[in-house]
Amino acid sequence: MKSARAKTPRKPIVKKGSQTNLKDPVGVYCRVRPLGFPDQECCIEVINNTTVQLHTPEGYRLNRNGDYKETQYSFKQVFGTHTTQKELFDVVANPLVDDLIHGKNGLLFTYGVTGSGKTHTMTGSPGEGGLLPRCLDMIFNSIGSFQAKRYVFKSNDRNSMDIQCEVDALLERQKREAMPNTKTPSSKRQVDPEFADMITVQEFCKAEEVDEDSVYGVFVSYIEIYNNYIYDLLEEVPFDPIKPKWNSCSTPMRNTDFVPPQSKLLREDKNHNMYVAGCTEVEVKSTEEAFEVFWRGQKKRRIANTHLNRESSRSHSVFNIKLVQAPLDADGDNVLQPEFCCEKSLQIFKNLFDRSDKIRL
């Protein structure tokens, strides 16, 4: 039996934050990583909740004969070494997820040298889920009971969504389930023990005032940017045993050799938004499914880095969470067509840099 919905008059989707054309300022936060060893020299001091001061290392002071200066830097907020993952999420990421659910795009960007704690902050560690699993958890806590069935929303090559009827969606679900070795995430699978402890978030968090007259879908994609080339980390490259692959030495590759992925192209859609053409978008129904897709991309990224001898300082990754919202008809039975659909994204951007790197926002 289908749960009854209140038959309220249809009204257009109100997009929170769309009342002004002004761009939001970029909020820059600083998180200070604890020292690896107690006897290490600390060169950074938290002055207050918005300012840090850099101290010149003792050895450098001696070499410069006292010719040095100490510099202070200001941020929107500074998080000290004892900041918990939840405290960081509540201030930095929670507002972005709330805006996403209410119809606004967002960008969460980590920037720092190798070993500065970006992975711990973004992904987390066993028992301490990072910003990504907490963002996913908040999204699914908020829209869980209002999710459309799988394949009702279907991504196309125009950076938008098509809407299928219930019958077509059911047929596609049956078709996918019958396919051998399918890569489609499933809530029936057991969570991978490699990341099970990272996605277990103790604190329950959800957005308020979610539109109950709509249904929602979540799609994720994962790309890597390296030397101005864009690679799809979720793309399944079929192997053709008849047509050999060729390596950099112009000799055929063995079946077990690594096949480098093809670079993707940036294109502009009808609304003048830039997107990666042909990028794999995977529909997910839970935090576990979404993180499973992310972890799959992480493994492929590590394999590619090993075979292509990439320097981590030149590699940038973007995990994109697209939230699709479409209103139901007055009876609450059918999803209205794509022209009523609202699609917004939260991009999780991880950047590694060295002294010569520059960034433009």
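Guide: A disulfide is a pair of cysteine sulfur atoms within 2.5 Å. A search of the whole structure with that rule finds zero disulfides. Mind that this is a predicted model, where local features need pLDDT of at least 70 and side-chain atom pairs count only at pLDDT 80 or more, while totals for chains, interfaces and linings use all residues. Numbering starts from 1 along each chain as its sequence is written, and side-chain values use heavy atoms, leaving out hydrogens and water.

Visitor: Sticking with cysteines, why is cysteine 30 called buried?

Guide: Buried means under 20% relative accessible area, exposed over 50%, and partly exposed in between (1.4 Å probe, protein chains only). Cysteine 30 has 12%, so it is buried.

Visitor: And what makes cysteine 165 partly exposed?

Guide: Its relative accessibility is 41%, so cysteine 165 falls in the partly exposed class. For the whole protein, buried residues make up 40% of the 361 residues.

Visitor: How do you know that α5 is largely enclosed by the rest of the structure?

Guide: Count its residues: twelve of the 13 are buried, so the label fits. Among them are Leu132, Pro133 and Leu136. The helix itself is a DSSP run (H or I, at least four residues; strands are E, at least two), numbered from the N terminus. The protein has seven helices and 17 strands.

Visitor: What makes the span of α5 agree with what it should be?

Guide: The expected span is 1.5 Å times one less than the number of residues. For the 13 residues of α5 (131–143) that gives 18 Å, and the end C-alpha atoms are 19 Å apart, which agrees.

Visitor: Over in α7, why does phenylalanine 291 count as buried?

Guide: Phenylalanine 291, in helix α7, has a relative accessible area of 0%, so buried it is. Leaving aside neighbours within four places in sequence, phenylalanine 291 is in contact (heavy atoms within 4.5 Å) with Thr123, Leu132, Pro133, Leu136, Phe195, Met198 and Ile199. Of these, Leu132, Pro133 and Leu136 are also buried residues of α5.

Visitor: What is in the lining of the largest cavity, by class?

Guide: A cavity is a set of points on a 1 Å grid over the protein atoms alone where a 1.4 Å probe fits but cannot get out, and lining residues have an atom within 4 Å of a point. The lining has seven nonpolar, three polar and two charged residues, and includes Thr123, Leu132 and Phe294. Arg and Lys count as charged, so Arg301 and Lys350 of the lining go in that class. Helix α7 and strands β16 and β17 each supply at least two lining residues.

Notes
1 Å grid on protein atoms, 1.4 Å probe; cavity = no way out; pocket = protein on both sides within 12 Å on 5 of 7 lines; lining within 4 Å.
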